[in-house]
Amino acid sequence: MLKDSVIFEYENGTLTVNQYSFCEIMKHIMVNYVNISYDEASKIVDNSGFVEPIKDVMEAALLSHELEYYWAIGLYYKDELFEKGICEEPENFDEYFAFLDDIMKKYNLKEPFEWD
């Protein structure tokens, strides 16, 4: 079961992983940028490795290194991403970050990875 507020300690501090929020954000990115239904996006995310528990700081660091957009679009398009020339980044970063802020507020989601 996905959950938020999973804490990992490491030599420089703590990392809080909000995996539920991370997966929800990816679903909403698919709805907004791929134009699929929330139900379809949920099925895609729920059947992916992203719902498996994050085991350690290194795994979280690798996930946090890319925008949620990258993971969501890659998960939806898979191999077609490069074949169709689909951009791995949002075209307009200001609009993208405003969209993220809006959905995080609307659905009470947390930052996926909080480094302290």
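**Exercise 1. Describe the sheet, its strand order and its edge strands.**

The model contains an open sheet of three strands in the order 1-2-3, with antiparallel pairing; strands are DSSP runs of E with at least two residues, helices are runs of H or I with at least four, both numbered from the N terminus, and two strands pair if DSSP finds at least two bridges between them. This is a predicted model, in which local features need pLDDT of at least 70, while side-chain atom pairs count only at pLDDT 80 or more. Residues are numbered from 1 along each chain as its sequence is written.

Next, look for strands that pair on one side only: these are strand 1 (6-10) and strand 3 (113-115), the edge strands. Then follow one pairing in detail: strand 1 joins strand 2 (residues 13-17) in the antiparallel sense over five bridges, and Tyr 10 stands opposite Gly 13 in strand 2.

**Exercise 2. Work out how helix 1 and helix 6 are oriented to each other.**

Begin with the axes, which are lines fitted to C-alpha atoms over the stretch in contact, with angles from 0 to 180 degrees between N-to-C directions. The axes of helix 1 (residues 19-34) and helix 6 (residues 93-106) come within 11 Å and cross at roughly 125°.

Now classify the angle: under 35 degrees is roughly parallel, over 145 roughly antiparallel, 65 to 115 roughly perpendicular, and the rest oblique. Helix 1 and helix 6 are therefore oblique to each other.

Finally, list the contacts (heavy atoms within 4.5 Å): residues of helix 1 including Ile 25 and Tyr 33 meet residues of helix 6, among them Phe 99 and Met 104.

Technical notes:
Heavy atoms only, no water.
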